[in-house]
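Q: Please take a close look at a single part of this structure and describe how it is built into its surroundings. I am new to it, so plain terms would help.

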Amino acid sequence: MPDSNSVLIVTDIQNDFLPGGALAVTDGDAILPLVNDLARRFKNVVITQDWHTAGHISFASAHAGRKPFETISLRYGPQVLWPDHCIQGTQGAALASGLDIPHAQLILRKGYHAHADSYSAFFEADRKTPTGLTGYLFERSIEEVFVVGLATDFCVSWTAQDARAHGFKTTVIEDACRAIDTEGSLAEAIAVMDRAGVRRVRSEALAA
Ligand code: VGL
Ligand code: ZN
């Protein structure tokens with residue numbers, strides 16, 4: 001299945017998204033063995049890292065009177081507000097120590113502009129400002145993208161949608177992901193991915 005024209009994108013498996021972290025995803029750590037195992041089957045692996053400034057616009061603490069998990073309207077559209085998380089250089093922003101993917105070729109940071117969020121590994125939340133990943137994958141003749149990691153309903157889904165929109169055959173491996181699921185966000189993300197032509201599979205469906 002994975003060949004030299006495919007890439008595995010390992011999304012935001014960072015301390016702050018694991019149990020005990022600032023924006024813990026339920027059972028986020030449970031995917032680590034599977035993610036490590038899947039990654040071994042890919043020649044090409046890209047790891048993403050949520051990488052915010054202190055006082056980032058996506059933090060509830062940056063908006064007077066607002067609480068985490070509320071949604072506000074920003075110039076580029078609706079923004080869910082989060083607890084402070086993945087601040088550049090902190091332990092919370094570090095990749096999980098249980099991630100064992102020494103052959104990963106690129107670690108891509110995103111969300112580093114103070115005034116824009118970036119769920120997707122391809123574009124910031126304005127859906128216009130590129131991270132450079134499209135060019136990187138095109139230049140490396142990648143045709144097929146597989147996405148795993150955290151969280152299914154935010155960074156995984158947005159990354160998969162953008163991959164598909166750029167013509168990559170795109171698959172989310174669902175049992176190698178976990179969701180935040182706030183205000184129906186998981187059901188919505190699944191509907192959007194299905195409409196966009198993103199394939200969703202379980203890891204057993206991928207031939208060894
Ligand atoms: C994420 C919320 C805020 C994610 C990142 O990785 O899915 N979710 N920042
Ligand atoms: Zn974030």
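The part to look at is helix H3, together with the strands on either side of it.

A: This is a predicted model. Helix H3 spans residues 152-165, and it belongs to a right-handed β-α-β unit made with strands E6 and E7. The description starts with the helix, moves to the strands, and then goes outward.

H3 is mostly covered, since twelve of its 14 residues are buried. Among the buried ones are Thr-152, Asp-153, Phe-154, Cys-155, Val-156, Ser-157 and Trp-158. Thr-159, Ala-160, Gln-161, Asp-162 and Ala-163 are buried as well. What do the buried residues of H3 pack against? Their partners are strand E1 (6-11), E6, E7 and helix H4. Just after H3, Gly-167 has a positive phi of about 95°.

Before the helix comes the loop between E6 and H3, where Ala-151 is found. The peptide bond from Leu-150 to Ala-151 is cis, and its omega is near -15°. Most peptide bonds are trans. Both of these residues also belong to the surroundings of ligand 1. So do Phe-154 and Cys-155, which are among the buried residues of H3. The other residues around ligand 1 are Asp-12, Asp-50, Trp-82 and Tyr-119. By type, this shell divides into six nonpolar residues, two charged ones and no polar ones.

Next come the strands of the unit. E6 covers residues 144-150, and it runs parallel to E7, with six bridges joining the two. One example is Val-147, whose bridge partner in E7 is Val-172. E7 takes in residues 169-178 and is mostly covered, with seven of its ten residues buried.

E7 also has a neighbour in strand E8, residues 199-201. These two strands run parallel and are joined by three bridges. Val-172 is again involved: its bridge partner in E8 is Arg-200. From E7 the chain crosses through helix H4, residues 185-196, to reach E8, and this β-α-β crossover is right-handed. Glu-183 lies in the loop between E7 and H4. Its phi is positive, about 55°, although Glu-183 is not a glycine. Most residues other than glycine have a negative phi. Is Glu-183 buried or exposed? Glu-183 counts as exposed because 12 other C-beta atoms lie within 10 Å, and a residue with 12 or fewer is placed in that class.

E6 pairs with E1 too. The two strands are parallel and share six bridges. Ser-6 has Glu-144 in E6 as its bridge partner. E1 is mostly covered, with five of its six residues buried. E1 also pairs with strand E2, residues 44-50, in the parallel sense over five bridges. In that pairing, Ile-9 stands opposite Val-46 in E2. The chain crosses from E1 through helix H1 to E2, and this β-α-β crossover is right-handed.

The loop between E1 and H1 holds Asp-27. Asp-27 has a positive phi of about 60° although it is not a glycine. Asp-27 is exposed, because its C-beta neighbours within 10 Å number 11. H1 spans residues 32-40 and includes Leu-32. Leu-32 counts as partly exposed because it has 17 C-beta neighbours inside 10 Å, a count that falls between the cut-offs of 12 or fewer for exposed and 20 or more for buried. Leaving aside residues up to four places away in sequence, Leu-32 touches Ala-96, Gly-98 and Leu-99. The C-alpha atoms of Leu-32 and Val-201 are separated by 18 Å, and the two residues are 169 apart along the chain.

Finally, a record gives a label for this stretch of chain. An unreviewed UniProt entry carries the annotation "domain: Isochorismatase-like" for residues 6-197. The span is 22% helix and 22% strand, and its end C-alpha atoms lie 17 Å apart.

To return to the helix: H3 is joined with E6 and E7 in a right-handed β-α-β unit, and its buried residues pack against E1, E6, E7 and H4.

How values were computed
Residues are numbered from 1 along each chain as its sequence is written. Chains are lettered from A and ligands numbered from 1 in the order in which they are written. This is a predicted model: local features need pLDDT of at least 70, side-chain atom pairs count only at pLDDT 80 or more; totals for chains, interfaces and linings use all residues. A residue is near a molecule or strand if its C-beta atom, placed from the backbone, lies within 6 Å of it. Ala, Val, Leu, Ile, Met, Phe, Trp, Tyr, Cys and Pro count as nonpolar, Asp, Glu, Lys and Arg as charged, and the others, Gly among them, as polar. Helices (H or I, at least four residues) and strands (E, at least two) are DSSP runs, numbered from the N terminus. Two strands pair if DSSP finds at least two bridges between them. A crossover is right-handed if, with the strands pointing away from the viewer, the path from the first strand over the helix to the second runs clockwise. Two residues are in contact if their C-beta atoms, placed from the backbone, lie within 7 Å. UniProt positions are given in the numbering used here, feature names are shortened, and annotations may be inferred rather than shown by experiment.
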